[in-house]
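Colleague: Hi, could you walk me through how the chains meet here? I'll fire off short questions as we go.

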Amino acid sequence: MTILEARRVSKQYRMGEVTVHALHEVDFTVAKGEFVAIMGPSGSGKSTLLHLLGGLDSVSDGEITLAGHRLTQLNDNQVTLVRRRNIGFIFQFFNLLPMLSAEENIALPLLIDGQNPNAHRERIDHLLQLVGLVDRRHHKPDQLSGGEQQRVAIARALVTNPAIVLADEPTGNLDSKTGEEILHLLRWSCDELHQTIVMVTHDARAASFADRVVFLMDGRVVGELNTTGDRNADIRAIQRRLRESEEHAMLTPEQQHS
Amino acid sequence: MRCLHPSSNIPEHTTQRMVSTLSSFYTLALRNLSSRPVRTLLTALGIMLGVAVVLAVSMTNDGTLASIHHIFDEAAGSADLMITSSGAIGESFTDGVLPRVRRVAGIQLALPVVSGRTLLASEADKWGLEVSVGGTHTANDLLLFGIDPAHDRQVRDYDLVAGSFLPAELDSYSVLLVKEYAEDKKLSLGKDITVLSATGQEKLRVVGLIAKSGPGLQNNGAVAIIPLKTAQTLLDMHGELTQVDVLAAPEIAVAPRKLEALKETLANILGDGYQVLYPAARGQIVTRMLASYQTGLSFFSAVALFVGAFLIYNTFTMTIVERTRAIGMLQVLGTTRRQIIVLVLIEAAILGILGSLAGIGFGVLLAQGLSRSVATVTNTEIRALRIPLDGLAWSLLIGLGVTLTSALLPAWRARSISPLEALRSYARPLGAPLGRTGWVWGSLLMLLAYLALYRIPFRPEVQVPIGMVSVFVLLLGATLVVPITIGPAERVLHWVMRTFYGGVGQLGAANIRRAWARTALTVGTLMVGIAMIIGIQTMTHSFELDINHWVQTAIGGDLYVRSPLPMREEFGMRLLSDPAVAGVSPITYQQVQPARHGNHGTFSDTILFVGIDPQTYGRIASFVFEDSRQDSTQALMELAKGGRLLVSATVADRYALQMGDILALETRRGVVQFQVAGVVVDFSSQGYVVNGSRADLARYFGERTVDQFIVRLKPGYDPRVEAKRLEDHYGKSRHIAVETAADFRAKVTRLAAQAFALFDVLGLTGVVIAALGVINTLLMNVFERQREIGGLRSLGMTRGQVARMILAESGAIGIIGGLFGVFFGLFLARVFLLGVQEIGGYTVSYHLPPQALLVSWAIALAVSQLAALYPAWKAAQVRIVEAIQHE
């Protein structure tokens, strides 16, 4: 079952007098319970695509449907509500609220939705256990390590049992060991909780945790790769595809077509 | 793990959900406030100061007015109407009017009263004249209040605390005294007191003591209640009364229209020589004289609140910047834009309530001190200050309202923060309100204010409120213009700061351009505070100069000879025969009323008629004319013709008078039209003064006695020595007091300084609030630049250099704020002087105080440096490693 579908999505920005085409007629689908990685070099449009999928920005053209909601036909308030209940976000810089404890940060989406966190105590406790932070629940972000903060962010993203989790370079600000732990956690949530995940990354190792990798280049989808489960082989395959995509991008349009 | 969907089965817009959301936002707001305790405290302090000043001034003004009204109301007792002479205030009239009044249908009781002032014989040598905003008054006189003892208690409530009431006879020499007064003067029940009378001295037996309530409130308790005929004898007013108190029949007293009809009937029967008043009208006459002073206090207290509002706007704008990413994150998590506004406003509401509550507490304390100052300046005893529940509620509402209004624009701008901001690694600076075109709007606002103040001829009754609004619009416009000047100013300032702080000073000055919107806002706040000081200083300086000029010129002569008892002109001849005396001129003062018809405008004013002798006055003193081409000699010749007046600028303004116009006054002979022979500057009696001849005073008001002789000494005689000698020589026999002109002038200028000191305090409050704004800005700047400061430190900048950099930045803000403040302060000063003219009627020349400009600029600099000390210290403490990892 398709949980997320983007059809012929385009996005342009005006920067002064120049129009930048960040995305060009991108088609992208994600099935329920799938873990998809989006890869590409800087400026390829991967973060832009993630922003559009999450309703953080609006498309210039095309359609995005998430969990049955046509985002492109909703107003700002409606998109916000869809985002509140159907999307969990994980960011490179964690983005926890500094004056709230770990537990309170996890419960924040419930608070915003007008729900009493105490009524969901069991779920919050379970998530804390899931991310291994039960004994750090009352700590503020400045009392947690980077990895711990990201785990809090993951728990926050999962608390509303969203239709999809969007992760933007979730390991970009972590060391490799901690990053690996986070990736395992994401993989686990997909396998055990059947959580649908879309992750933007530039790291082949991170992408190897996904079921499928989509390659973006200059605002277009230039390829896809299904992983095999053999981590090292997948990493090599991803790096090769990435290199091929970059080399292809350096060709002239005529060379590309030939 | 069970998959619970937390949001299932709960409809979107239930009350439960909304209440829960609000409760969550309240928690978030509290957390936000407590995470920045210093900033929260500073902001709340700004609100507190503004609310406190507004409440204190309001309580003091109300207390003053209430005290005055209370005195008159209590003295009048349950009288429904009061009959007095329509000529001079306190002027007597024949008691033949009493039977005419008693014959009028609907009158239950008509009680005669005679009142006048005297002294205890034991205090005759301590008698003196004091000045206040309301005019001059004698320092220790005793009010004789003559009543009909048999019937007066039907109208007035005498709270007898010892002894007995007056016997029923109208001519017994018994007296009731107020207990506090008796204790103060060591007078006891059963003993005699000796008072000065027209014929010398008289003894009165103290038969009873009353509480300081009801009629005992008059003259601040220095009142002697005596039988009517006794009073007439002591005051030499045989067959005369000063007022008749009327008790209407019950069915008329409770019906306002019937009472009004009775009032009209009485006025028609009695004719032009009398006026029939409601007792409250007497209090209104006095309170009117204080109105302009109180209006001024209220205006400046409102300005203090305005500056506080700026601080709040400043703080919330900075808070939004600081939390840009957090706000973006909240939107990512599904907080709607409207909820973002609500979150910011909840924070503002909490601050507003806390600040207002603190302000109310501080305001009550401030009112105690303020009321003492105002009581001295206005010569009004303010009874225990009432803390009105409605006043407290209003203060809370005003504080909350101002905070919410000030936070509205930042809250609105917060809603426009995109969720993408959450994904940035740095916070983008928030632009200025209205963007870079704000200066256009600011210029338009300033132009609008200028037109309203100088060009558009509004109706007189709306000129003052429009003027006040225009001042606020002017300052708001100026604040919007400030941003465009930051860039050019910095280009000049960087070398100034380099000179004082070295190379880091240049860095500091350059920093003001980076968050230029925030810098501009802080400059604007400082500008408002400094502009208020300059405006007030210039206004008071101009006023004091004019008063001093008037005092030196118009208050002429060397000595003033006065007596608590009426003096005769013949005494002047005796003074003139003294070898030290070169000239003597008699003066008589009489409160009169303009005619109800025949003048431009109808006001219930009292005007001080100063009766002079044109022949002798010119040799001793002169007048200060509005039109400098006029001279005193010519004016005195006009007065000598009779039927002429020199009116003060205030009276001329109020009644739209010019040379040759007519001012009609109520006199004993009916309405008399006086021609205006000149317009003079005169600050006595709040400016409501006319100068005429004593001959006219005698002819039209029946007043022939002398209140004061102005004496000019021959050259070589010391005024102080001669004053003492004359007092010793004539004091005992004539009970005179002699004061040097120099001493009297000093009293007047001292009073002026006292009166204006209160305005200076209010102006300083604005600067204190502005200083809080500077601290807020710098702390914010330091926070934002943690990584940069860490980088500078890693390059070798010492802690001291970091601190100097912050001080330089603040110094740049102070210099710009000071310059703007001085410029607009000069403009404001003109506006304030216009306001003084409109409210008080005075025409004051604009005098620029050079020292005030320098002092204000120095204040701006000092404030900016003092306010920067803590932020500079914070910046110097930044740890390098943490700072460069700072997000």
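**The chain A and chain B interface**

Modeller: Happy to. In this predicted model, 37 residues of chain A are in contact with 36 residues of chain B.

Colleague: What area is buried between chain B and chain A?

Modeller: About 3500 Å², and carbon and sulfur atoms give 59% of that.

Colleague: How many salt bridges does the rule find across the interface?

Modeller: The rule finds two between chain B and chain A. One of them joins B:R31 to A:E104, with the closest N and O atoms 2.5 Å apart.

Colleague: And how many residue pairs are in polar contact?

Modeller: Six between the two chains, counting pairs with both residues at pLDDT 80 or more.

Colleague: Which elements of chain B give two or more residues to the side that touches chain A?

Modeller: Those are α1 (15–35), α9 (324–332) and α10 (337–378) of chain B. The largest share comes from α1(B), with nine residues.

Colleague: What about the mix of residue classes on that side?

Modeller: The side of chain B that touches chain A has 15 polar, 14 nonpolar and seven charged residues.

Colleague: Switching to a single residue: where does B:R337 lie?

Modeller: B:R337 lies in helix α10 of chain B.

Colleague: Is B:R337 buried or exposed, and why?

Modeller: B:R337 counts as buried because its relative accessibility is 19%, and the cut-off for buried is under 20%.

Colleague: Which residues is B:R337 in contact with, leaving aside its neighbours within four places in sequence?

Modeller: In chain A, B:R337 is in contact with A:D76 and A:N77. In chain B, the contacts of B:R337 are B:Q331, B:R415, B:S416 and B:I417.

Technical notes
Residues numbered from 1 in each chain as written. Chains lettered and ligands numbered in written order. Predicted model: local features only at pLDDT ≥ 70, side-chain atom pairs only at ≥ 80, totals over all residues. Heavy atoms only, no water. Contact = heavy atoms within 4.5 Å. Buried area = accessible area lost by both parts, 1.4 Å probe. Salt bridge = Lys/Arg side-chain N within 4 Å of Asp/Glu carboxyl O. Polar contact = N/O pair within 3.5 Å; in protein donor to acceptor, adjacent residues only side chain to side chain. Helix = DSSP H or I, 4+ residues; strand = E, 2+ residues; numbered from the N terminus. Nonpolar A, V, L, I, M, F, W, Y, C, P; charged D, E, K, R; others polar. Buried < 20%, exposed > 50% of the residue type's maximum accessible area, 1.4 Å probe, protein only.
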